[in-house]
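User: I should like to learn how to read the features of a protein model. Please give me the general idea each time, and then the case at hand.

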Amino acid sequence: MRFDNKIVLVLGGNSGIGLTAARMFASEGAKVHLTGRDQSTIDAAVASIARATGYRSDIADAAATEAVVQAVEEADGRIDVLYINAGVGGFAPLREITEDAWDHTHAINLKGCVFALQKAVRIMGKGSSVVVTGSIGAHGALEGNGTYAAAKAGLFMAMKVFAKELVTEGIRVNVVSPGPIDTPLLYRNPGMSDDQVAGLKEMMIANIPMKRMGESEDVAKAVLFLASDDASFITGANLFVDGGLIELG
Ligand SMILES: NC(=O)c1ccc[n+]([C@@H]2O[C@H](COP(=O)([O-])OP(=O)(O)OC[C@H]3O[C@@H](n4cnc5c(N)ncnc54)[C@H](OP(=O)(O)O)[C@@H]3O)[C@@H](O)[C@H]2O)c1
């Protein structure tokens, strides 16, 4: 019960890694607030998690995130753990990247995540912590991943800077960087058929030292560790959850 009576806000908590983490936070005693874009999966998440509250909110819209923070403040007065997890994928080689796709990905994966921290930190205090979902994409070159990799690399470095700024306030900020994880994200790549996704999975498994895809639980366990007092002397860190792909690959 590491999160007994803690107030946890999971941005992107209605699917995949974020949903699993939200469930695990609640099972360790937290009162969870979660966001997403899709109302039906938000409703399903809230129905399956005790004491949870859901908000339909686009992280690319900083004013919408501020409204969520205000709602959490009205309900519970503070945030003890902020998990910034919302993100979108999408592959395109250099010659096929469009400005719209670049702007869309960066508005969510970089700008939205940064302003979410700016808005939420107002109601966070000493002893609270922030975990952000990065990606191994920020640490290794994969053809076609330029747009996503650039956003996640920017996010990684921005969070390191904010960790330094917030350390004097007693707020820890850490990044978890997943490798290939079997979540709905893989099937949301525009322009990829199910067969292509299956081929991509096979290619990824062949390259992972542990020879398997990660599961949401693998990442969520690392998120809960970094968010908890077990990591009380850890800030500005990056934890790869990738079956050894980056460190041993
Ligand atoms: N799966 C992987 O292999 C992998 C690897 C490295 C990093 N990651 C990162 O892990 C994080 C979670 O992804 P996942 O794999 O669990 O995929 P997922 O199931 O697609 O989850 C993505 C989550 O982000 C939310 N989201 C996306 N755009 C949003 C927006 N504009 N505003 C608010 N919420 C938004 C989604 O909500 P809706 O469903 O309502 O859109 C969903 O809750 C992402 O940041 C992703 O980049 C994943």
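User: At what angle do the axes of helix 4 and helix 5 cross?

Analyst: Two packed helices are described by the angle between their axes and the distance between the axes. An axis here is a line fitted to C-alpha atoms, for helices over the stretch in contact, and angles run from 0 to 180 degrees between N-to-C directions. In this model, helix 4 (residues 99-120) and helix 5 (residues 146-166) cross at roughly 15 degrees, and their axes come within 9 Å. Helix 4 and helix 5 are therefore roughly parallel to each other; angles under 35 degrees count as roughly parallel, over 145 as roughly antiparallel, 65 to 115 as roughly perpendicular and the rest as oblique.

The model is a predicted one, in which local features need pLDDT of at least 70 and side-chain atom pairs count only at pLDDT 80 or more, whereas totals for chains, interfaces and linings use all residues. Residues are numbered from 1 along each chain as its sequence is written, and side-chain values use heavy atoms, with hydrogens and water left out. Helices (H or I, at least four residues) and strands (E, at least two) are DSSP runs, numbered from the N terminus.

User: Which residues of helix 4 and helix 5 meet?

Analyst: Contact means heavy atoms within 4.5 Å. Helix 4 contributes residues including Trp 102, His 106, Leu 110 and Leu 117, and helix 5 contributes residues including Gly 146, Tyr 148, Leu 155 and Phe 162. The crossing of the two helices is right-handed; a crossing is left-handed if the near helix is turned anticlockwise from the far one by less than a right angle, and right-handed if clockwise.

User: Is Gly 146 of helix 5 buried or partly exposed?

Analyst: Buried means under 20% relative accessible area, exposed over 50%, and partly exposed in between (1.4 Å probe, protein chains only). Gly 146 is partly exposed, because its relative accessible area is 38%. From Leu 19 it is 127 residues away in sequence and 27 Å away in space, C-alpha to C-alpha.

User: At what angle do helix 1 and helix 7 pack?

Analyst: Helix 1 (residues 16-27) and helix 7 (residues 216-227) pack at about 55 degrees, and their axes are 8 Å apart. That angle makes helix 1 oblique to helix 7. Among the residues in contact are Ile 17, Met 24 and Phe 25 of helix 1, and Val 219, Val 223 and Leu 224 of helix 7. This crossing, too, is right-handed.

User: What is the order of the strands in the open sheet?

Analyst: Strands of a sheet pair through backbone hydrogen bonds, either parallel or antiparallel. Two strands are taken to pair if DSSP finds at least two bridges between them. Here an open sheet of 7 strands follows the order 3-2-1-4-5-6-7, with parallel pairing. Strand 3 and strand 7 (238-241) are the edge strands, each pairing on one side only. With direction ignored, neighbouring strands are turned by 15 degrees against each other on average. Helix 1 packs on this sheet, touching strand 1, strand 2, strand 4 (81-84) and strand 6, and its direction makes about 165 degrees with that of strand 4. Helix 4 lies across strand 1, strand 4 and strand 5 (129-133), also at about 165 degrees to strand 4.

User: How many bridges join strand 2 to strand 3?

Analyst: There are 4 bridges between strand 2 and strand 3 (residues 53-56), which run parallel. Gly 36 has Arg 56 as its bridge partner, and Leu 34 stands opposite Gly 54. On its pairing with strand 1 (residues 7-11), strand 2 has 5 bridges, again in the parallel sense; Leu 9 is partnered there with His 33. Of the 6 residues of strand 2 (residues 31-36), 5 are buried.

User: What is the handedness of the unit made by strand 1, helix 1 and strand 2?

Analyst: A crossover is right-handed if, with the strands pointing away from the viewer, the path from the first strand over the helix to the second runs clockwise. Strand 1, helix 1 and strand 2 make a right-handed β-α-β unit. The crossover from strand 2 through helix 2 (residues 39-48) to strand 3 is right-handed as well.

User: Where does Ile 59 lie?

Analyst: Ile 59 is in the loop between strand 3 and helix 3 (62-76). It is buried, since its relative accessible area is 8%. Beyond its neighbours within four places in sequence, Ile 59 is in contact with residues including Leu 11, Ile 84 and Ile 108.
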